[in-house]
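Please open the structure in your viewer and keep the sequence panel beside it. This tour proceeds from the whole chain to single residues, with a selection to make at each stop.

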Amino acid sequence: MNRWPAIALREVDDARELAQARKQREQFDRNSAWLQSHIAEVYARYRGQYVCIAGEELFAGATVKGAIAQAAAAHPEDEGWFTRYIPKEKAAKVYAV
């Protein structure tokens with residue numbers, strides 16, 4: 001029998017926890033923006049690899065864990081890293097509704 005996993009929600013109202021979440025989101029947004037501003041170079045150079053952006057710097061590896069480990073070692077203060085797999089081949093994407 002197929003069942004959906006249980007989902008638990010909780011309201012967060014702790015000021016420290018909210019501040020940490022905002023900081024992490026701001027770091028993530030900066031790393032994502034860095035990738036977007038370097039996307040052509042990244043896709044041309046890192047096909048078939050996983051990339052992780054932390055501290056607005058790119059780290060690449062054969063596995064996502066490897067890329068994250070490099071990023072975390074270089075920027076332990078950055079908890080908003082951004083990861084992506086760069087496909088080996090260029091391919092058209094078709095989106096349907």
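The radius of gyration used here is taken over C-alpha atoms, and the globule rule is 2.2 Å times the number of residues to the power 0.38. The model on the screen is a predicted one.

**Stop 1: the whole chain**

Select the protein chain and show its C-alpha trace. A compact globule of 97 residues would have a radius of gyration near 13 Å, whereas the protein chain has 17 Å. Along the principal axes, the C-alpha trace spans about 45 × 45 × 25 Å.

Now switch to a cartoon view. Three helices and three strands are present in the protein chain, and their order along the sequence is α-α-β-β-α-β.

Next, display the surface. The protein chain exposes about 7,700 Å², of which carbon and sulfur atoms supply 55%. Of its 97 residues, 23% count as buried. Among contacts with a separation of 6 or more, residues 24 or more positions apart account for 52%.

Colour the charged residues as well. The protein chain has 14 positive and 13 negative charges, and the mean positions of the two groups are 9 Å apart.

**Stop 2: helix α1**

Select residues 15-37, which form helix α1. How far apart are its end C-alpha atoms? They are 33 Å apart, and this agrees with expectation because 23 residues at 1.5 Å a residue should span 33 Å.

Within this helix, highlight Q27, N31, S32, W34 and L35, which are buried. The buried residues of α1 pack against α2 (39-45), β1 (50-54), β2 (57-61) and β3 (82-85). An α-helix has 3.6 residues a turn, so residues three or four places apart point the same way.

Stay in helix α1 and select R30. Is R30 buried or partly exposed? With a relative accessible area of 40%, R30 is partly exposed. Then add R84 to the selection: R30 and R84 are 54 residues apart in sequence, and their C-alpha atoms are 15 Å apart in space.

**Stop 3: the loop between β1 and β2**

Select E56, which lies in the loop between β1 and β2. Its phi is near 55°, a positive value in a residue other than glycine. The relative accessibility of E56 is 41%, so this residue counts as partly exposed.

**Stop 4: the loop between α3 and β3**

Move to H75, in the loop between α3 (64-74) and β3. H75 has a relative accessible area of 13%; H75 is therefore buried, as the cut-off for buried is under 20%. Which residues does H75 touch, not counting residues up to four places away in sequence? They are A54, G55, E57 and F59.

Finally, select G80, which is found in the loop between α3 and β3. G80 is buried, with a relative accessible area of 3%. Show the contacts of G80, leaving aside neighbours within four places in sequence: they are with Q24, Q27, F28 and N31. Two of these names, Q27 and N31, appeared at the second stop among the buried residues of α1.

To end the tour, add I7 to the selection. G80 and I7 are 73 residues apart in sequence, and the distance between their C-alpha atoms is 24 Å.

Technical notes:
Residues numbered from 1 in each chain as written. Predicted model: local features only at pLDDT ≥ 70, side-chain atom pairs only at ≥ 80, totals over all residues. Heavy atoms only, no water. Helix = DSSP H or I, 4+ residues; strand = E, 2+ residues; numbered from the N terminus. Buried < 20%, exposed > 50% of the residue type's maximum accessible area, 1.4 Å probe, protein only. Contact = heavy atoms within 4.5 Å. Areas by Shrake-Rupley, 256 points an atom, 1.4 Å probe, with all protein chains shown as cover. Lys, Arg positive; Asp, Glu negative; His and termini not counted. Charge placed at Lys NZ, Arg CZ, Asp CG, Glu CD. Expected span 1.5 Å × (residues − 1).
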